[in-house]
Amino acid sequence: MMKIRGIANANDVVSTYEKANLYAKKHNSSKVLVDVSELEHRFAAIDIVNIMPKVAHNIGNLHIARVVGFEGYMHDLFLQKIKRFNISAENFECFKSAREWLSRL
């Protein structure tokens, strides 16, 4: 599980998923729960299109459950774009639902 807080630019997003991949490999896991409910994105929505190939490369074999906040249009956009790379990912409003989804995989 990762909890990310604060303000993120596009490079921060790529870096975060690089770290998630390394952590998952280190612990021989294919599942990652990422809590981004306290994360504020500080970049243009169009930048999502540019960073998705890099993010997808980093998490290609992982199942990603993301706990998102209510101000989530960037979270929804992220999910929409990452699924175009056939990545197993879902957004959830609470930790319990995210964990249950991962446990069924």
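Biologist: Which helix does threonine 16 lie in?

Modeller: Keep in mind that we're looking at a predicted model. Threonine 16 falls within the stretch of residues 10-26. That stretch is helix H1.

Biologist: Is threonine 16 buried or exposed?

Modeller: Its relative accessibility comes out at 15%. The cut-off for buried is under 20%. So threonine 16 counts as buried.

Biologist: And what is threonine 16 in contact with, leaving aside its neighbours within four places in sequence?

Modeller: Leucine 62 sits 46 residues away along the chain, and its C-alpha atom is 14 Å from that of threonine 16. For actual contacts, look elsewhere. With the sequence neighbours set aside, threonine 16 is in contact with Met2 and Ile4.

Biologist: How do H1 and helix H2 pack, in terms of the angle?

Modeller: H2 covers residues 46-59, and its axis runs 9 Å from that of H1. The angle between the two is about 10°. Angles under 35 degrees count as roughly parallel, so H1 is roughly parallel to H2.

Biologist: Which residues of H2 make that contact?

Modeller: On the H1 side you have Ala10, Val13, Val14, Tyr17, Glu18 and Asn21. By class, the contact has seven nonpolar, two polar and three charged residues. The H2 side is made up of Asp47, Ile51, Lys54, Val55, Asn58 and Ile59.

Biologist: Let's stay with asparagine 58: which backbone oxygen does its side chain reach?

Modeller: Asparagine 58 has its place in helix H2, and at 12% relative accessibility it counts as buried. Outside its own stretch of sequence, asparagine 58 is in contact with Val14, Tyr17, Glu18 and Asn21. Its side chain, though, comes to 3.0 Å from the backbone oxygen of lysine 54.

Biologist: How many aromatic pairs does a search of the whole structure find?

Modeller: Tyrosine 17 and phenylalanine 78 form one of the pairs. Phenylalanine 92 and tryptophan 101 form an aromatic pair as well. Searching the whole structure, the count is two.

Biologist: Is the pair of tyrosine 17 and phenylalanine 78 stacked or edge-to-face?

Modeller: The ring centres are 5.4 Å apart, with the planes at 20°. Planes under 30 degrees apart count as stacked. Tyrosine 17 and phenylalanine 78 are therefore stacked.

Biologist: Which parts does that pair tie together?

Modeller: Both residues are buried, tyrosine 17 with a relative accessible area of 3% and phenylalanine 78 with 4%. They are 61 residues apart in sequence. Tyrosine 17 lies in one helix and phenylalanine 78 in another, so the parts tied together are H1 and H3.

Biologist: What about phenylalanine 92 and tryptophan 101: what is the angle between the planes?

Modeller: Phenylalanine 92 is buried at 14% relative accessibility, and tryptophan 101 is buried with a relative accessible area of 15%. Their rings are 5.7 Å centre to centre. The pair is tilted, with the planes at 45°.

Biologist: Over in helix H3, is histidine 75 buried or exposed?

Modeller: Histidine 75 belongs to H3, which spans residues 73-83. Its relative accessibility is 2%, so histidine 75 counts as buried.

Biologist: Which side chain makes a polar contact with the side chain of histidine 75?

Modeller: Not counting residues up to four places away in sequence, histidine 75 touches Val36, Leu39, His41, Arg66, Val68, Gly69 and Asn91. The polar contact between side chains is at 3.4 Å. The partner there is arginine 66.

Terms used. Residues numbered from 1 in each chain as written. Predicted model: local features only at pLDDT ≥ 70, side-chain atom pairs only at ≥ 80, totals over all residues. Heavy atoms only, no water. Helix = DSSP H or I, 4+ residues; strand = E, 2+ residues; numbered from the N terminus. Buried < 20%, exposed > 50% of the residue type's maximum accessible area, 1.4 Å probe, protein only. Contact = heavy atoms within 4.5 Å. Polar contact = N/O pair within 3.5 Å; in protein donor to acceptor, adjacent residues only side chain to side chain. Phe/Tyr/Trp six-rings, centres within 6.5 Å; stacked < 30°, edge-to-face > 60°. Axes fitted to C-alpha atoms, helices over the stretch in contact; angles between N-to-C directions. Parallel < 35°, antiparallel > 145°, perpendicular 65-115°, else oblique. Nonpolar A, V, L, I, M, F, W, Y, C, P; charged D, E, K, R; others polar.
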